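Please open the model in your viewer and keep the selection tool at hand. The stops below proceed from one selection to the next.

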Amino acid sequence: RAKLAGRNQYAVYESAWNETGSVHLRTESLLQEALRKDQFVLHFQPLFRLDDQTLIGAEVLLRLWIGDDAPLPPATFIPIAESSGQIVEIGEWVLRRVCRQIHVWDAQGFPPIPLSINVSAIELSRADLTPRLSHILDQSHIPVARIHIEITETAIAHNEDQALANINALRAAGFEVWIDDFGTGYSSLKSIKNFPISGLKLDREFVKDLAHSPAAEAITGSILSMARQLGYPVVGEGIEEAAQLQFLQQHGCHAGQGFHLGRPVSPETFQDCYFR
Ligand code: C2E
Ligand code: MG
Ligand code: MG
Ligand code: MG
């Protein structure tokens with residue numbers, strides 16, 4: 001019965017996705033239901049320092065279990081949650097669940113790595129972002145150093161003045177703020193010139209062509225050298241091959257993330273694989 005219901009919901013979700021008119025109403029209610037029924041889950045992808053392969057953190061990536069086969073990736077539901085505004089509530093749910101996970105891991109004596117959460121353009125354009133996040137940390141008794149924030153250049157461009165105010169407030173509250181997907185968004189260079197950020201995550205668009213394309217190597221090498229001169233650490237994203245890892249290592253990239261180093265996995269798998 002439950003299985004059938006699951007399949008059914010998935011079918012509704014898929015058909016809703018294809019017709020424009022009623023997409024919002026139907027999927028919004030699915031997202032509401034997902035929050036109520038606890039159908040969201042967090043996956044964690046490890047971040048490693050490149051010089052010695054030490055685990056230095058993990059990125060939190062949201063999944064939605066509606067059917068029973070495989071979880072839906074964020075690309076299928078985050079855009080809807082953004083346009084409906086539900087991303088604000090979902091973002092709060094993510095942070096609360098991350099805090100709970102930190103307590104579980106701390107209780108087992110695992111290393112206190114920071115966890116990086118993704119904050120969307122909608123959240124970044126609201127004036128109450130920092131107090132909302134800080135409140136959840138206070139309630140959960142989690143120190144701010146345990147949470148890193150990832151925002152994209154495009155999210156900054158969505159409402160630059162509010163983004164600047166929010167980044168200032170986040171930094172003042174003690175959060176690290178990283179630029180995600182660096183180099184592919186809107187006005188990359190401006191985002192690092194004018195905003196008080198903690199570091200850059202180099203988009204996999206550049207990483208994927210390393211060792212195949214001299215242009216990708218020249219651009220990546222220049223970004224790494226610029227970041228070094230500005231004092232920003234860089235995380236290379238989407239490392240899928242040893243040759244890409246080697247290029248990044250040789251060009252002073254500080255840390256890396258990607259399928260070659262570790263895929264996003266459930267918290268149980270994460271602790272079995274990476275906390276040993
Ligand atoms: P992102 O923040 O840039 O996250 C990295 C994405 O790259 C993840 O996709 C991850 O699974 C994928 N990835 C990591 N290593 C590799 C690799 O070696 N090769 C390839 N091909 N992909 C790799 P995912 O989990 O599908 O998430 C997609 C995007 O959804 C994220 O991009 C982020 O923008 C957004 N997202 C995920 N979770 C949340 C969340 O809790 N809140 C918000 N607002 N957005 C989220
Ligand atoms: Mg991210
Ligand atoms: Mg990214
Ligand atoms: Mg991305």
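**Ligand 1 and its surroundings**

Select ligand 1 first: of the 23 residues around ligand 1, those that come nearest are Arg63, Asn118, Asp180, Glu240 and Phe259, where a residue counts as near if one of its heavy atoms lies within 4 Å. This is a predicted model, in which local features need pLDDT of at least 70 and side-chain atom pairs pLDDT 80 or more, while totals for chains, interfaces and linings use all residues. Residues are numbered from 1 along each chain as written, chains are lettered from A and ligands numbered from 1 in the order written, and side-chain values use heavy atoms, without hydrogens and water.

Next, display the polar contacts (pairs of N or O atoms within 3.5 Å). A polar side-chain atom of Asn118 lies 2.8 Å from an oxygen atom of ligand 1, and a backbone N or O atom of Phe259 is likewise 2.8 Å from a ligand oxygen. At Leu62, a polar backbone atom is 3.1 Å from a nitrogen atom of ligand 1.

**The magnesium ions**

Now select ligand 2, a magnesium ion. Which residues coordinate it? Its donors (N, O and S atoms within 2.8 Å of the metal; water is not among the atoms, so the site may look incomplete) come from Glu59 (OE), Asn118 (OD1), Glu150 (OE) and Asp180 (OD), at 1.9 to 2.2 Å. Add ligand 3, also a magnesium ion: the two ions are 3.8 Å apart, and Asp180 coordinates both.

Finally, compare two of the donor residues. Glu59 counts as buried (under 20% relative accessible area, 1.4 Å probe, protein chains only), at 4%. Asn118 has 34% and is partly exposed (between 20% and 50%).

Methods:
Donors are N, O and S atoms within 2.8 Å of the metal (3.2 Å for Na, K and Ca); water is not among the atoms, so sites may look incomplete. A polar contact is a pair of N or O atoms within 3.5 Å; within protein, one must be able to donate a hydrogen and the other to accept it, and residues adjacent in sequence count only if both atoms are side-chain atoms.
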